[in-house]
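Open the model in your viewer and keep the selection panel at hand. The tour below goes from one selection to the next.

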Amino acid sequence: MAIRKANKLSQTAMIKQILKRCSSLGKRQHQSYDEHGLPLDVPKGHFVVYVGPNRTRYIVPISFLTRPEFQSLLHQAEEEFGFDHDMGLTIPCEEVVFQSLTSTLR
């Protein structure tokens with residue numbers, strides 16, 4: 001029981017860290033931002049990720065963060081890039097794989 005609780009706490013901390021970093025990373029000069037530094041084209045309850053070698057920008061619902069399939073992608077991103085860089089949250093997989101996965105999560 002204690003192991004599950006500790007694991008859930010670390011998972012919650014990771015999700016909070018990702019959300020905090022997503023709001024300020026990956027800003028591009030052609031996008032418009034509000035007074036809090038958030039992109040205007042990202043609806044409330046969503047965040048931006050960059051996928052594949054071309055870093056294609058995707059807007060995904062925050063609810064994906066709780067899904068094990070998406071968390072697996074986040075762990076891969078952390079291992080490959082870490083969460084402490086200024087290139088935005090980059091998911092290290094092919095776009096077709098990302099699109100297939102996210103279509104099943106909706």
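Two strands count as paired if DSSP finds at least two bridges between them. Helices (H or I, at least four residues) and strands (E, at least two) are DSSP runs, numbered from the N terminus. This is a predicted model, in which local features need pLDDT of at least 70 and side-chain atom pairs count only at pLDDT 80 or more, while totals for chains, interfaces and linings use all residues. Residues are numbered from 1 along each chain as its sequence is written, and side-chain values use heavy atoms, with hydrogens and water left out.

**Whole chain.** Colour by secondary structure: the chain has three helices and three strands, arranged α-β-β-α-β-α from the N terminus on. Of its 106 residues, 36% are buried (under 20% relative accessible area with a 1.4 Å probe, protein chains only). The accessible surface, from the Shrake-Rupley method with a 1.4 Å probe, is about 7,000 Å², and carbon and sulfur atoms account for 54% of that.

**The sheet.** Select the three strands. They form an open sheet in the order 2-1-3, with mixed pairing. Strand 2 (56-61) and strand 3 (90-91) are the edge strands, each pairing on one side only.

**Strand 1.** Select residues 46-51. Five of the six residues of strand 1 are buried, so this strand is largely enclosed by the rest of the structure.

**Strands 1 and 2.** Add strand 2, which pairs with strand 1 in the antiparallel sense over six bridges. His 46 has Pro 61 as its bridge partner in strand 2, and Phe 47 has Val 60. Now move to the hairpin of these two strands: four residues lie between them, and Gly 52 takes a positive phi near 80°.

**Strands 1 and 3.** Which residue of strand 3 is the bridge partner of Val 51? Select Ile 91 to see that partner. Strand 1 and strand 3 pair in the parallel sense, over two bridges.

**Contacts.** Contact here means heavy atoms within 4.5 Å. Among contacts in the chain between residues at least 6 apart in sequence, 51% join residues at least 24 apart.

**Back to the edge strands, then helix 3.** Show strand 2 and strand 3 again, the edges of the sheet. Helix 3 (residues 95-105) packs on the sheet and touches strand 1, strand 2 and strand 3. The direction of helix 3 makes about 15° with that of strand 2; axes are lines fitted to C-alpha atoms, for helices over the stretch in contact, and angles run from 0 to 180 degrees between N-to-C directions.

Key:
Buried means under 20% relative accessible area, exposed over 50%, partly exposed in between (1.4 Å probe, protein chains only).
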